[in-house]
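Here is a friendly first tour of a protein model. Have a look at the sequence and the 3D view before reading on.

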Amino acid sequence: MKEDFYEILGISKNATDAEIKKAYRKKAIEYHPDKNPGDATAEEKFKKAAEAYEILSDPDKKARYDQYGHQAFEGGGFGGGGGMNMDDIFSQFGDIFGGGGFGGFGGFGGGGRQRRVKGSNLRIRVKLTLEEIANGVDKKIKVKRKIQAPGTTYKTCGTCNGTGQVTRVTNTILGRMQTSSACSTCGGAGQVMDYRPSDADGQGLKVTEETVSISIPAGVEDGMQLKVSGKGNEAPGDGIAGDLLVAIEEQEHPELQREGNNLHYDLYISFSEAALGASREIDTVSGKVRIKIEEGVQSGKILRLRGKGIPSLNGYGKGDLLVHVNVWTPKTLNKEQREFFEKMSKDDHFRPNPESGEKSFFEKVKDMFS
Ligand SMILES: [Zn+2]
């Protein structure tokens with residue numbers, strides 16, 4: 001039987017948001033692993049409090065919990081068994097204990113939990129032709145990103161001596177109690193700006209336009225996202241730069257249609273070409289190729305050009321180009337043509353006579369996907 005979330009935090013069901021937050025803050029400080037090293041019971045209580053707060057601080061989840069109890073979260077996502085891990089819990093602390101400033105905030109314990117400040121990610125979209133997708137392409141793209149303004153200097157934060165945390169010792173009836181929290185001067189980063197040039201913002205950064213080279217592998221798809229590490233916004237001080245996230249947008253090809261790694265091409269031939277055979281040049285992603293159409297070809301036939309599709313992104317194999325043969329029926333006829341076809345329509349030779357070996361449209365479709 002799982003404990004009641006309200007009981008874990010020691011509050012009533014009518015507790016306000018502020019009361020929930022306050023109660024959790026108290027429990028988190030009380031059972032923090034840095035204060036209770038090696039104490040499994042404290043760690044368990046610490047995790048339970050975090051879990052209870054995760055649910056009760058979210059109006060949506062709270063409503064579900066109030067109505068259905070723990071069952072509301074069983075079987076999916078949360079609460080089924082493992083609950084939250086420590087990283088989840090510490091990332092929740094930004095909300096509870098402040099932070100802000102440079103944005104880098106790693107909970108309040110010592111224990112090597114302080115993270116380096118990371119700059120924010122940038123997102124761009126890149127439009128690619130089908131040919132570029134099939135062959136892979138290097139793109140040079142102009143990106144507006146924040147960099148540390150030349151001349152900006154940072155120094156160790158005097159309040160926390162660079163640790164990013166401040167420790168407070170208070171005397172309570174239970175004895176001396178030591179609590180740590182993020183340094184409010186530097187926001188947990190351990191550094192503050194020393195000199196700020198006139199063109200720098202409050203963090204010592206400024207926006208510049210840079211050309212970034214992006215190597216796009218063959219086989220990407222519309223909607224995929226590539227990450228270029230370190231090409232997002234820079235962070236102040238010793239922080240590390242964020243990433244540039246490149247969303248792929250696939251441009252429509254005038255002739256070819258993509259389906260997974262296969263390509264489809266609709267080929268239209270005339271009555272005469274169908275009867276006599278023909279040689280036609282068609283577009284592929286690796287240039288034009290000439291294909292031969294046998295005499296007597298039927299409308300609906302699919303010619304498979306192996307390996308003329310899109311390479312798979314993992315490097316194994318290539319799709320095919322499927323050429324769909326469509327016999328074009330003239331929409332109008334002149335007198336002479338009409339007479340010709342009238343004469344031919346009585347000819348036994350023009351009567352449909354599919355051979356038993358010829359596959360129906362449905363069989364062909366089945367083949368294509370097998
Ligand atoms: Zn500080």
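What follows starts with the whole chain, then turns to one helix and two sheets.

A quick word on ground rules: this is a predicted model, where local features need pLDDT of at least 70, side-chain atom pairs count only at pLDDT 80 or more, and totals for chains, interfaces and linings use all residues. Residues are numbered from 1 along each chain as its sequence is written.

**The whole chain**

The protein chain has nine helices and 15 strands. Both kinds of element are DSSP runs numbered from the N terminus: helices are H or I with at least four residues, strands are E with at least two. Of the chain's 370 residues, 25% are buried. Buried here means that 20 or more other C-beta atoms, placed from the backbone, lie within 10 Å of the residue's own. As for contacts between residues at least 6 apart in sequence, 65% of them join residues at least 24 apart; a contact means C-beta atoms, placed from the backbone, within 7 Å.

**Helix α2**

Helix α2 covers residues 17–31, and its end C-alpha atoms are 21 Å apart, which agrees with the 21 Å that its 15 residues should span at 1.5 Å a residue. The expected span is 1.5 Å times one less than the number of residues. Which residues of α2 are buried? They are I20, A23, Y24, K27, A28 and Y31. Looking down the axis of α2, these buried residues fall within an arc of 135 degrees, so they line one face of the helix. That arc is taken from the directions from the helix axis to the C-beta atoms. An α-helix has 3.6 residues a turn, so residues three or four places apart point the same way.

**Two open sheets**

Both sheets below have mixed pairing; two strands pair if DSSP finds at least two bridges between them.

| Sheet order | Strands | Edge strands | Average twist |
|---|---|---|---|
| β1-β9-β8 | three | β1 (122–128), β8 (225–228) | 30 degrees |
| β10-β11-β15-β14 | four | β10 (256–259), β14 (302–305) | 30 degrees |

Each edge strand pairs on one side only. The twist uses axes that are lines fitted to C-alpha atoms, with angles from 0 to 180 degrees between N-to-C directions, though for the four-stranded sheet direction is ignored.

Zooming in, β8 runs antiparallel to β9 (residues 244–250), joined by four bridges. K227 sits opposite L245 in β9. In the other sheet, β14 and β15 (residues 321–328) pair in the antiparallel sense over four bridges. There, L303 has V323 in β15 as its bridge partner.

Note on methods. A residue is buried if 20 or more other C-beta atoms lie within 10 Å of its own, exposed if 12 or fewer, and partly exposed in between; C-beta atoms are placed from the backbone. Two residues are in contact if their C-beta atoms, placed from the backbone, lie within 7 Å.
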